[in-house]
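Open your viewer and keep the selection box handy. We will go from stop to stop together.

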Amino acid sequence: MKINHPLVKGVVKEVRPFIYCVEIDDDYDRAMLFCRYQEFYESPYKKFRGKPFTWMEYMRFYKSSWKKRMFTYPDDWSGYNIPCNIIHQAHHIFCKDTEYDAIMNDIYWYCEKDSSEKNDNKQVDWYLIGASGKDLRTMDHEIAHGLYFTNKEYKKEITKLIKTIKPIHYEKLKKKLIKMGYVNDKKILDDEIHAFMSTGLYNGMDTKELKVYEKEFVKTFKKYKDDIDSSSMKHPI
């Protein structure tokens, strides 16, 4: 699916079975398209997570909360990831409030239709990610989120690996992620911990005591990521 709108230029494509990537190279356009949906999903602020809110409400709050001179969301975040059930809720709530919502609505219906057709016309869980096609590290990070949601065997293996992290180290990771702007929710934090462990620790998380866990996460991610013949894109039943 091509996105050829005055506000946004990009493409939507299935990068792994039932994982759809919105590839937009412009950081601002990508952030503005995903922002409200991402914050509806996992905002650290209760007034926004799972709630209806306007662009102006969020932009002013974000600026003041982070003590910034301006709205810096497009500079602060580069990749986005949202489960299909969350987009289903959000697109009803935001209901084409802005042109960005109209674009996301088209993306939602495209992914719903395409995923269903590839699953014998039956509804199936799918995942939406957003990244630049030029930023492969972020792309891998978001694909990891997608696998965690769509592939039960992958999630099972990753869950076992998360349990090997010592409580003192888990708490260190948790505090670091919350400080970075992630919500204090175990399900989401486990998903984030796994995505960072699997595709690259940074921003103070890449310490010797935490990197010892990285190898097995990377190995597991690569096994499942590379197990897909992307040219044929086989699908599970």
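The tour visits two helix pairs and a pair of cysteines.

A word on conventions: this is a predicted model, in which local features need pLDDT of at least 70 and side-chain atom pairs count only at pLDDT 80 or more, while totals for chains, interfaces and linings use all residues. Residues are numbered from 1 along each chain as its sequence is written, and side-chain values use heavy atoms, leaving out hydrogens and water.

**Stop one: H1 and H5.** Select residues 27-42 (helix H1) and 99-117 (helix H5), whose axes lie 10 Å apart at an angle of about 80 degrees. Helices here are DSSP runs of H or I with at least four residues, numbered from the N terminus. Axes are lines fitted to C-alpha atoms over the stretch in contact, with angles from 0 to 180 degrees between N-to-C directions. H1 is therefore roughly perpendicular to H5 (65 to 115 degrees). Now show the contact (heavy atoms within 4.5 Å): among its residues are Tyr28, Met32 and Phe34 of H1, and Tyr100, Ile103 and Met104 of H5.

**Stop two: H7 and H11.** Select residues 152-163 (H7) and 214-225 (H11), with axes that come within 10 Å and cross at roughly 175 degrees. That makes H7 roughly antiparallel to H11 (over 145 degrees). Residues that meet here include Glu153 and Leu161 in H7, and Phe217 and Lys223 in H11.

**Stop three: Cys84 and Cys111.** How many disulfides does a search of the whole structure find? Zero, where a disulfide is a pair of cysteine sulfur atoms within 2.5 Å. The sulfur of Cys84 is 9.6 Å from the closest cysteine sulfur, in Cys111, too far for a bond. Cys84 is buried at 8% relative accessibility, and Cys111 is buried at 0% (buried means under 20% relative accessible area, with a 1.4 Å probe and protein chains only).

Notes: Helix = DSSP H or I, 4+ residues; strand = E, 2+ residues; numbered from the N terminus. Parallel < 35°, antiparallel > 145°, perpendicular 65-115°, else oblique. Buried < 20%, exposed > 50% of the residue type's maximum accessible area, 1.4 Å probe, protein only.
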